[in-house]
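Visitor: I should like to look closely at one part of this model, and to learn how its surroundings relate to it. Please begin with the part itself and then work outwards.

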Amino acid sequence: MINIALVGASGKMGRAVIKEAMNDKSVQVTNFIVSDNSKHLGLDVGNYHFSQPSDTVFSTKSNEPFDCIIDFATRDNIDARLSYYRELNKPLLFCCTGLSGEQINELKLLSNEFPVFIAPNTSVLTALMTNLLITIQKVQDSYKIDISEKHHKSKVDMPSGTAISLAEAANIEEKNIQSLREGEHGNWHKALVSSEFEELEIKHSATNRSIYAQGALNIVKWFYQKPKNLYYMQTLIEDLYE
């Protein structure tokens with residue numbers, strides 16, 4: 001059994017991870033962590049997410065044993081979180097987006113102490129989409145590539161971390177990503193590859209957060225006992241599927 005400390009446990013992705021873990025006998029969430037100023041601090045986790053009382057509450061620190069951290073929190077208080085992770089010295093799956101370049105560098109430095117997996121998107125299909133754009137650039141760098149994305153209107157960062165990763169793979173500047181924020185549900189990322197006589201459109205869409213929660217748990221199973229290093233979705237794909 002893999003025990004997980006879930007950071008951002010009161011959020012929508014936190015709920016999805018908790019729900020998926022409840023249906024997976026190989027993992028369990030033992031710590032439900034929120035920020036110091038969270039309005040959910042001290043609330044019963046089961047009551048809040050599923051209208052069913054549980055023996056667990058939202059807290060600001062880890063109180064129970066755990067093997068790995070999953071961070072699905074927002075970018076608020078990120079510097080304090082990175083310091084806390086250094087103190088805990090446990091494998092970290094980091095899914096938060098919208099960090100500055102300096103904060104990303106600080107995150108990467110943690111991999112000198114323990115394994116760090118950076119995944120702005122935990123979908124294998126999205127990672128394969130990224131790999132395809134890298135290959136297209138290698139085959140022919142004269143193709144025009146446009147990156148666009150749509151998320152619910154409450155998503156804070158724009159463009160999304162996934163869109164930025166796709167743009168980096170396609171050698172596109174972040175300012176040229178087209179972003180849309182509307183509605184309450186659903187999201188998609190799209191890459192349009194074109195030349196004078198042909199075009200290829202690649203689109204990944206998700207209608208339920210469970211796909212990302214399942215992806216996160218699968219990542220944890222794969223990497224939490226790996227040696228200290230920096231890991232990405234491409235690392236996982238190369239190890240498992242190539």
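Guide: The account below begins with one sheet and then follows the elements around it. Please bear in mind throughout that this is a predicted model.

The part chosen is an open sheet of 6 strands, whose order is E2-E1-E3-E4-E5-E10 and whose pairing is parallel. At its edges are strand E2 (27-33) and strand E10 (230-231), each of which pairs on one side only. In general, the strands of a sheet pair through backbone hydrogen bonds, and they may do so in a parallel or an antiparallel sense.

Consider edge strand E2 and its partner. E1 and E2 pair in the parallel sense over 6 bridges. One residue pair can be picked out here: Asn3 stands opposite Gln28 in E2. Is strand E2 largely enclosed or largely open? It is largely enclosed by the rest of the structure, because 6 of its 7 residues are buried. A residue counts as buried when its relative accessible area is under 20%.

Further along the sheet, E4 is joined to strand E5 (residues 116-118) by 3 bridges, and these two strands also run parallel. Leu92 has Val116 in E5 opposite to it.

The next step is to see what lies against this sheet. Helix H1 (residues 12-22) lies across strand E1 (2-7), E2 and E3, and it runs at about 150° to E2. H3 also packs on the sheet, where it touches E1, E3 and E4, and its direction makes about 160° with that of E4.

Which residues of H1 are buried? They are Met13, Gly14, Ala16, Val17, Ile18, Glu20 and Ala21. The buried residues of H1 are covered by elements that include E1, E2 and E3 of the sheet, together with helix H2 (45-50) and helix H7 (210-223).

Some loops beside these elements also merit attention. Asn63 is found in the loop between H2 and E3. Its relative accessible area is 58%, so Asn63 is exposed. The C-alpha atoms of Asn63 and Thr30 are separated by 8.4 Å, although the two residues are 33 residues apart along the chain.

Two other asparagines occur in the loops before and after H3. Asn77 is found in the loop between strand E3 (68-71) and helix H3 (78-88), while Asn89 lies in the loop between H3 and strand E4 (92-94). Most residues other than glycine have a negative phi. Asn77, however, has a positive phi of about 55°, and Asn89 likewise has a positive phi of about 55°. Because its relative accessibility is 45%, Asn77 counts as partly exposed. Asn89 counts as partly exposed because its value is 42%.

Beyond this sheet there is another, an open sheet of 4 strands in the order E7-E6-E8-E9, with mixed pairing. Its edge strands are strand E7 (178-181) and strand E9 (199-206), each paired on one side only. Neighbouring strands in this sheet are turned against each other by 10° on average, with direction ignored. Strand E8 (residues 187-194) pairs with E9 in the antiparallel sense over 8 bridges, and the bridge partner of Leu192 in E9 is Glu201.

Helices lie across this sheet as well. H5 lies across strand E6 (144-151), E8 and E9, at about 160° to E9. H6 lies across E6 and E8, and it runs at about 175° to E6.

H5 and H6 lead to the last feature, the second largest pocket, which has a volume of about 690 Å³. Its lining comprises 31 residues, and those nearest its centre are Ile118, Pro120, Gly161, Ser165 and Glu168. Helix H4 (101-109), helix H5 (124-139), helix H6 (161-169) and helix H8 (233-241) each supply at least two residues of this lining. Which helix gives the most to the lining? H6 does, with 6 residues. By class, the lining has 17 nonpolar, 9 polar and 5 charged residues.

Definitions and conventions
Residues numbered from 1 in each chain as written. Predicted model: local features only at pLDDT ≥ 70, side-chain atom pairs only at ≥ 80, totals over all residues. Heavy atoms only, no water. 1 Å grid on protein atoms, 1.4 Å probe; cavity = no way out; pocket = protein on both sides within 12 Å on 5 of 7 lines; lining within 4 Å. Points joined across faces, edges and corners; volume = space filled by probe spheres on them. Nonpolar A, V, L, I, M, F, W, Y, C, P; charged D, E, K, R; others polar. Buried < 20%, exposed > 50% of the residue type's maximum accessible area, 1.4 Å probe, protein only. Pairing = 2+ DSSP bridges. Contact = heavy atoms within 4.5 Å. Axes fitted to C-alpha atoms, helices over the stretch in contact; angles between N-to-C directions.
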